Each structure stands twice: as structure tokens, then as C-alpha cells.
Number of protein chains: 2
Amino acid sequence: MEMFKVKPVDKVLELLKEHFDGFKLSTENLLLDAAEGRVLASDIKSKIDVPQFNRSTVDGYALKAVDTFGCSESLPAFLEIIGEVNMGEETKLFIENGQCAYVPTGGMLPSGSDAVVMLEYTEKLDDITLNVLKPVSPNQNVILKGDDIKKNDILFKKGHLLKPQDIGALAAIGKSSVEVFRKPRGYIISTGDEIVSPTENLRIGQVNDINTYTMLSELKKAGANIIGHSHAKDRFEDLKHKITKILPDVDFVIISGGSSVGTKDVTVDVINSLGKPGIITHGLSVKPGKPTIVAKIGDKAIWGMPGHPVSALVILKRLVLPFLDIILKKEKQMIYKIKAVWGQNYPSNHGKEEYVMVSLTPSEEILIANPLLGKSGLISLMSKADGFVKIPANKEGLLSGEEVEIELL
Amino acid sequence: MEMFKVKPVDKVLELLKEHFDGFKLSTENLLLDAAEGRVLASDIKSKIDVPQFNRSTVDGYALKAVDTFGCSESLPAFLEIIGEVNMGEETKLFIENGQCAYVPTGGMLPSGSDAVVMLEYTEKLDDITLNVLKPVSPNQNVILKGDDIKKNDILFKKGHLLKPQDIGALAAIGKSSVEVFRKPRGYIISTGDEIVSPTENLRIGQVNDINTYTMLSELKKAGANIIGHSHAKDRFEDLKHKITKILPDVDFVIISGGSSVGTKDVTVDVINSLGKPGIITHGLSVKPGKPTIVAKIGDKAIWGMPGHPVSALVILKRLVLPFLDIILKKEKQMIYKIKAVWGQNYPSNHGKEEYVMVSLTPSEEILIANPLLGKSGLISLMSKADGFVKIPANKEGLLSGEEVEIELL
């Protein structure tokens, strides 16, 4: 077995970027109804102006603004009403000086007009005569053609994650479907001779498989398609057989518990037997989570994950989800962190980055973050966690009263 | 038409709670693979202790802690090795004073033992003799039976939203499926004679339907099942026909643009013709979004939403999503807000709660929030927003430098 130095998380992120930047994920065309949360596979350029015509933002009268300058309640401007604009229809009216036409909210401004005076600042004297009581400036109460989106504007770039309001914007430019990257496909193989599926009966000495379910839920939530999962014995043949069988159908395989003490060597041997380039890194200078294997076979990724439930979730969030972002070519997202005040002294002087699960309690204007203490590996503890905090390698712990940043779970 | 006073958002939330608290949503049984993000329909009680046996957290030797007291590198404790524990199997070994047995990480402790000494603090002299170089205390390096979850403990209550790590916890107690509330079913009817679907060709005077797509994306993301959408003309018969046809199949109907100037009266007339109890509230003292209709027909909800894209999204997030939480009987969630520093003076002196879309820019240790200014109703503006800020009704605006709380979009 080759020796690999343990590396900090940021260094592994760089290696992932280097190795998987050229990943080719195929694309699919989706109707807007199904596109939320997906990542654009091409730039979106608008073929139209939005709106396609000058549009009123109020109910009122379209006119030339200059005709209202200086008017007031005591000295109204008199205008001739030459007609009205129907909602959703093109108008052929033309406004000359001294003229106006009724236009509803969202209606099209007639040619010649450059502003709309709100209904409440007018008095209709008869069918063809209007008093305007308040002046308007040019373009007032109007959205101009192309004000929202201009024809040929790039609305979104390749790699853009589609939020609900983005789906609305795509509808606005008349796109009814978009090309997105297909969901990255993954498969989870659980290892550990004591691990059994919750669908089976538990015998004394055995424990239920926790990590497969936590990880597949988190991966699906993050936009991956986990096509299945199964258990492999901690033997070279069984693990190799399971991986080679599934590898052609997926983009990545996760070996749950594959970096645990009892399985690590088997995982490494199997990966080394599968092809090139092989293991990228092995071991992370992070607590919890040190034993983590990242490998690349052809263009696919293989992850050997720790068996410890907290480690598995932290490594998944810190490395596997960013890997998905890389192969999806996702635009850099801002990760907003919640600020909180640390609740009790907590030492961390082992020279490694540490991730601590915390519970958050509101207290007047602030949030108090307390570490969830308990024996290592408790799943119940993780269900009580609201998030986690990172303690840098060069920091000797956290003091009560210190401000910390929380990544929510 | 009955007159309804405009109400603040919090008051409408109370009314929603009052009217929809007793909503009966049917339930379904889901495999764990599909349960993330769903809401439990019954309490989950553990039928087993987790773990079901005393378990080692390290590779080492199980022994009686008392046998190691006082030992050191210069004065090791001598113990008899009586065997080893196999991973995933029940052990029949029994540790007497002066004895020990090898146990791997996750392995079962033999009866009689109460601690595990790590491999690295031992020296094996021969197959049956061990030197222990460091004392351990009782229960050290052990997870006791039931330490994680105790038999008969309530793990989660009805109404609990299942996070990824909760799915892991369900697996831990051997649940392979859970009873959850089915997704609330909704249908969106868009109105406005100028509105056309992005699948159709746009004529001058018409605009594409934005809000249906923004809202259905946001609702699906929030866990609703939007079974379809269509357009209705702003006529009593057409709107009534469409609502009565779909109402038996859904829990709620959203009339997009149903509270807009041109459609409001038709919406109200149709709702009044459909049955009891009818309109709950009509008009909100909030900017943007004032014209919002909330009605109840039988046990179903009908929402008349503003046509303005920003209003529609804000009202959806402030009222419709909480309505979903009510009918799902969801446990109260903490909503974490991001703190930011306001970037420019912004007046808001109309006596109504105001929601302002903002962009966030990191600046050293803080985030700067700037209002997205632009003509009302621009969808492109909403796509640039990172979140929104609420200005209370009694506040006259926001000053540059003030701390604000952002709800992310």
C-alpha cells in the first residue's frame, strides 16, 4: 500500500477540483415544472424584450408627460380622451399633444404617450374630456419595453442553480423547457461485518446500518440520484465484485465504513486493483473523520467513508457535496453561516481541524451554541444537532462567550 | 361583497391556525430511502436498545477496569488472554479478574468486562499473556447497551420533519419504513387576460405567466404536490368551473393574480358562490402584497394571490408555506436569520409592514445588505435577490449601518 500523508480538508477540495473539473455529465431537457433545484447546462439568452411593449404599472391615463407639467388641483390640465386600451391586446391608438387614453394596470401604452397618470389624480368631465390634477414626469408609472430583461441579454449562465424565482424568470422570457445537467448518479455499498440492514432481524453483536440511510438522504437532498445500495462483506472478492458490477452505471460509489479500521486495507486493495489513476488521497487531518479515502477510477469517483456516523455526515457535507458541485459545474454559491455565542469552554488541542455538533438556543437577541457532548458515534446526538462548528487546526479550543459561525444541518 | 379590514401578517397567521388546525391529511407508509423531508404522522418509539449490547469504541482488550488501576509502563498489569470477540457475533466469553479478551472497534464486550484498553497501551507477551501499560476507568472506551437510544424511548414525535440524520436514527432502531403525512396537494389557476403560458406564442400586449412557475417551484420545494395548473379567463363562469372541477382532488387552490385589480371582484364572487365558511380575510397591511384573499370552502383553502411577482413570492413565503406547515401539523421550526448591515438609507413610512428584496455582499467579517431598487414587478430583480428583509409597520425606514435580519430566498 502506498503511503499518503493526511491532508486538511481545503487541500483535498483542491485535489477534487483538479481531478474532476473535466467531468462530463450528460444533459437533459426539462419542463419548467420540474427544473427547480437543477443546474443549467447552457447559458440562457433571452430571445425577447421583457416586457415586449411599454406597460402601465397603474390604472390610469396614458398621455404625454409634458401636457401635465405645472397642472394642479386648482389649475388642472384639460385633455381629450381618444379611447381605451384593452388588457392583453395591442393598441393602435396614437396620442398627440393634448390627448390621452385609458390604460389598465399591465396594459400597453399607445404610441406617442410617455407616462401614465393614476386614476385618482384625474377627473373625468365627460366621455371625451379629462382633468389631470397632478403632473407626471416622463416614464412615470411605466415599465419600458426591455426594462426587465433585454433581448439578447444572458439571463443565467451555464452552471446556474435554478431557484424558484429563476423558474419564473425563465417563464418570463418564454422558455417552457431548459437544458440541465442530469443528476449525478451514485451507489452506496455498506461494509462492516457487524452491519445489517434495518429490513433484517438484528442478532446480538450486530447493529443496524445507519450511515447508508443518513448519507443517501443527504445526497438525494443535495440533488444526487442514488440508484441503490447494498452490503458487501469485508472481503476483497465481494467488495471488488460489487464495485465493478455497479461502476459502469454510476458517477460515484460510496463505500460506507470503507475507511474504518477493519475495512480500510480491503478498500485500498480493491481500489488499487480497479485501474488508474487510483487513490487520490487517504487520510484527512480532521476530527472526527481522519480515515477517508478518495479515489478516481477512469472518470468515476470512489469514496471510502468513515464508519463513525458523525464523521460520515461531516465528511459528506465537507467533501462529497462539493464534489457533486464540481461535476455539476455549479456556480460558486455563498454559504451563509449563522452567528452564535459559544456556551461553554471546549478544548481542541490536537492540531487538527475539528467539527463539533452543536445545539442552538435563542436567548434574547442572540443564539447560544453548545457542543453536543456524549460518547463518540451516537446517532441520537446527531438528531439533536442543529448544526456544526469548525475549530481550525491552529486554535486550541473555544471559550465560553466567543462568537462562532454555525453551518446548519 | 363583505368588507374586510386589512390585517397584518401575524394576525392572518393566527386566523389560518384557527381555521386549519383540525385539517385531516391522510398518511402513507414510506421506505426510509424516500422519507427525507417528510413529516411524521405518528410518534416513533424505539422497540430496541441501541446498541443492544455493550460495544467497544476502539480496537483493544476488554477487561475489568479494576485490574488496571495503578499500572504503568514501568509497572504493567499482567492479564490472561482468554480469547477474542468476532465482529458482528455474540460472544460467550466471560471475563474473570485477571483475564481479558481481544475486541475490535464495534465489537461486543464479553460478560464480566467493564472497560476496554486500547491496543496501543498494551504489549502482547505471548498468545495468552498481555501487559497493560495504562489504567482505564470503568466504562472507558465502551458504549453501553441503550446508551444511544433506550428501548421504549420516544425518538421523534408526530409532526417531526425528517432530516437526513433522522433517517439514520430510524435505521438505527430497525425501522425500515415510516408513516408520514402525504404531501399536501395543490393546483394553480392563473388569471389575467393578458397572461399567456410560456408554451404559447406571445402577441404584443400579452405577457408570459411568471407567477405560476415561481409559486409551483417554491411550493414543490417546500413539500407540496402541485398536481397541475391552468389558465382561467377573468370571468365568473370560467373561474368557478375550473375551481369546482379541481377542488375535490386537492387540499388547496391558488388563484394566481386572483387578488389583482382586474380579477379581485370575480375571485370574491366565485368564492362566495362556492360554499361555507367562505372568505377568511381579504387585504393585508403589507407592502408589497396588500390584495391577498384567503378563503376556506369546506375544509379546503383557496388563495387569491397578488399578480405582482415580488408580492406573490413574499406572500407565498409568509403565509402559504406556514399554511402547509399547519395542515402537516409540523413541529415548530426555528427560522434562522442571517444578520447583515444595511447599506443605504431607505424610507418606509406608509404605516404598513414592508418586505424589501436585498442583495448580500460580504465585506471583511460582515455582510452588507442593499435593497434591490427598480421598478415594481421586475422578475429579473427577484432573480438577483439573495433574500428579503422585513421593515415593521411602526418603523420609518432603515438607516445605513443599521443591523438587519435577512430571510434567505
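## Exercises on a predicted two-chain model

The side chains of Glu28(A) and Arg38(A) form a salt bridge, 2.5 Å from N to O. The model is predicted.

**Exercise 1.** Where in chain A do Glu28(A) and Arg38(A) lie, and how many residues apart are they?

*Solution.*
- Step 1. Place Glu28(A): strand β1, residues 27-31 of chain A.
- Step 2. Place Arg38(A): the loop between β1 and β2 (44-45) of chain A.
- Step 3. The two are 10 residues apart, and the pair links distant parts of the chain.
- Step 4. Check exposure. Glu28(A) has a relative accessible area of 30%, so Glu28(A) is partly exposed. Arg38(A), at 12%, is buried.

**Exercise 2.** Which residues of helix α4 of chain B are buried, and how are they arranged about the axis of α4(B)?

*Solution.*
- Step 1. List the buried residues of α4 (236-246): Leu239(B), Ile243(B) and Ile246(B).
- Step 2. Look down the axis of α4(B). The buried residues fall within an arc of 80°, so they line one face of the helix.
- Step 3. Recall the geometry. An α-helix has 3.6 residues a turn, so residues three or four places apart point the same way.
- Step 4. Find what the buried residues pack against: β13 (185-190), β16 (225-231), β17 (252-256), α5 (264-274) and β21 (300-305) of chain B.
- Step 5. Turn to the face away from the buried side. Exposed Glu237(B) and Lys245(B) sit there.
- Step 6. Add the salt bridge between Asp238(B) and Lys242(B), with closest N and O atoms 3.3 Å apart. These residues are four apart in α4 of chain B, so about one helical turn separates them. Lys242(B) is partly exposed, at 24% relative accessibility.

**Exercise 3.** Glu218(B) and Lys317(B) form a salt bridge. Are these two residues buried or exposed?

*Solution.*
- Step 1. Take the distance: 3.0 Å, N to O.
- Step 2. Locate the partners. Glu218(B) is in helix α3 and Lys317(B) in helix α6 (309-327), 99 residues apart.
- Step 3. Both Glu218(B) and Lys317(B) are buried.

**Exercise 4.** How many residues of each chain are in contact, and how much area do chains B and A bury between them?

*Solution.*
- Step 1. Count contacts: 79 residues of chain B touch 79 residues of chain A.
- Step 2. Take the area: about 6,400 Å², with 60% on carbon and sulfur atoms.
- Step 3. Name the residues of chain B that lose the most area to chain A: Gln165(B), Ile204(B) and Tyr336(B), together 11% of what that side buries.
- Step 4. Count salt bridges between the chains: two. Glu194(A) and Arg55(B) form a salt bridge at 3.3 Å, N to O.
- Step 5. Count residue pairs in polar contact: 22.
- Step 6. Find the largest share of chain B's side: α2(B), with eight residues.

How values were computed: Residues are numbered from 1 along each chain as its sequence is written. Chains are lettered from A and ligands numbered from 1 in the order in which they are written. This is a predicted model: local features need pLDDT of at least 70, side-chain atom pairs count only at pLDDT 80 or more; totals for chains, interfaces and linings use all residues. Side-chain values use heavy atoms; hydrogens and water are left out. Buried means under 20% relative accessible area, exposed over 50%, partly exposed in between (1.4 Å probe, protein chains only). The arc is that of the directions from the helix axis to the C-beta atoms. Contact means heavy atoms within 4.5 Å. Buried area is the accessible area (1.4 Å probe) that two parts lose on being put together, summed over both. A salt bridge is a side-chain nitrogen of Lys or Arg within 4 Å of a carboxyl oxygen of Asp or Glu. A polar contact is a pair of N or O atoms within 3.5 Å; within protein, one must be able to donate a hydrogen and the other to accept it, and residues adjacent in sequence count only if both atoms are side-chain atoms.
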